[in-house]
Amino acid sequence: MKWKIKINEVQKELSQTNIISAQLRKRSLAADEFSIFSYETNFANSGDTIEVFYGELKRFKGLLAFKKIVKSPDGDHFNYVFKGPWQDLTELMYMQSWDEYVDSDNLNFLKAKTRVVLNVDKEKKMISAGNQVEEIINYAKTEGVDIDLKLKQIDSTFLGDEISDITCANAILRTLHWAPDIVGYFDYGANSPTLELCRRKNLDHIDLSYAEIKKFSFCERDDLRLDNVCIIYEKTKNVGDKTYRSSIRDIYPPNSKVGGKKSLVMTVPLNTQNSNIQNNKIETAPIHENEIN
């Protein structure tokens, strides 16, 4: 089988193009990249779409992100870098619809805002991480992003998280932050590139013989290993005009240091446990014995 590309619906084999080299980089929860080094000054232009095929299997689809001039003693050549649909998610602000009150008409209406609440629905009920990512992807699709979603047992639920001015990509990463074993990758075989999310232990085994691989490497990722996990339960107490905070920590392994390198920390505000203590000084006029009754 041979590698082929299609730029703006014009298809050709890589061997028939005036390129020096090409590289396809697949990433987890990041933008896939297809990079071409060529002597051609107009191999592609801003906004051009490229599709990459191995035989009849589509392996990549994306837009030209940038064109870089490379100077060397052998002469100038150009590096064209195309990025997949995750790049669109990094450029699009995530918005949710909120009720807004209008004084003049005494009415409520929905208005899209960049203040968002993750992991809960509009009834303030917890939803799964998969459902939250689906909501984000559906919003991106309404804004013109060519993307679909496929979930595989992403049913964990997390605490509500309110944040403002965040992109769709960062909203997904923030949602999945507490499930670091989830990987995300794109399948380009369907009509639209499909983001597939799955836990590492549930990944499918595949046969690599079709790719004519000559060699591959692997290693343990100790750099991803956490030293500890800590959950901090925090509550506030109002005493007069002052506010105090107290907290309880659950740490594993016990007695390990919190907040250092490779420490995963979550703070849980116990809003229902807030308490108010009010101190008042009461002054009265003298009360005589005969006036008690």
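## The three-stranded sheet

In this predicted model, three strands make up an open sheet, and going across it you meet β11, then β14, then β13. The pairing here is mixed. β11 (148-152) and β13 (182-187) are the edge strands, and each has a single partner strand, so one side of each goes without a neighbour in the sheet. On average, neighbouring strands of this sheet are turned by 20° against each other, direction ignored.

What does the pairing of β13 with β14 look like? β14 covers residues 194-199, and it pairs with β13 in the antiparallel sense over six bridges. If you want a spot to start looking, try D187, which stands opposite T194 in β14.

## The helix across it

Helix α2 lies across two strands, β11 and β14. Its direction relative to β11 comes out at about 170°. The helix spans 129-142, and it also turns up in the lining of a pocket, where it supplies at least two residues.

## The second largest pocket

That pocket is the second largest, with about 490 Å³ of space in it. Its lining counts 18 residues, and those nearest the centre are Q96, W98, V117, D121 and K122.

Which strand gives the largest share of the lining? That's β8, with four residues. Besides α2, the elements that each supply at least two residues are β8 (96-102), β9 (107-113) and β10 (115-118). Sorted by class, the lining has nine nonpolar residues, seven charged ones and two polar ones.

## Strand β5 and its partners

Now over to β5, residues 49-54. Is this strand largely enclosed or left open by the rest of the structure? Five of its six residues are buried, so β5 is largely enclosed. In this case "buried" means under 20% relative accessible area.

β5 has pairings with β1 and with β6, which are both antiparallel. With β1 (residues 3-7) the pairing runs over five bridges, and one place to see it is I7, whose bridge partner in β5 is I50. With β6 (residues 57-70) the pairing runs over six bridges, and there Y54 has L57 as its bridge partner.

β5 and β6 form a hairpin with two residues between the strands. Where does a positive phi show up in this hairpin? Look at G55, which takes a phi near 70°.

As a reminder when you follow the side chains along a strand: in a regular strand they alternate between the two faces of the sheet.

Conventions: Residues numbered from 1 in each chain as written. Predicted model: local features only at pLDDT ≥ 70, side-chain atom pairs only at ≥ 80, totals over all residues. Heavy atoms only, no water. Buried < 20%, exposed > 50% of the residue type's maximum accessible area, 1.4 Å probe, protein only. Pairing = 2+ DSSP bridges. 1 Å grid on protein atoms, 1.4 Å probe; cavity = no way out; pocket = protein on both sides within 12 Å on 5 of 7 lines; lining within 4 Å. Points joined across faces, edges and corners; volume = space filled by probe spheres on them. Nonpolar A, V, L, I, M, F, W, Y, C, P; charged D, E, K, R; others polar. Axes fitted to C-alpha atoms, helices over the stretch in contact; angles between N-to-C directions. Contact = heavy atoms within 4.5 Å.
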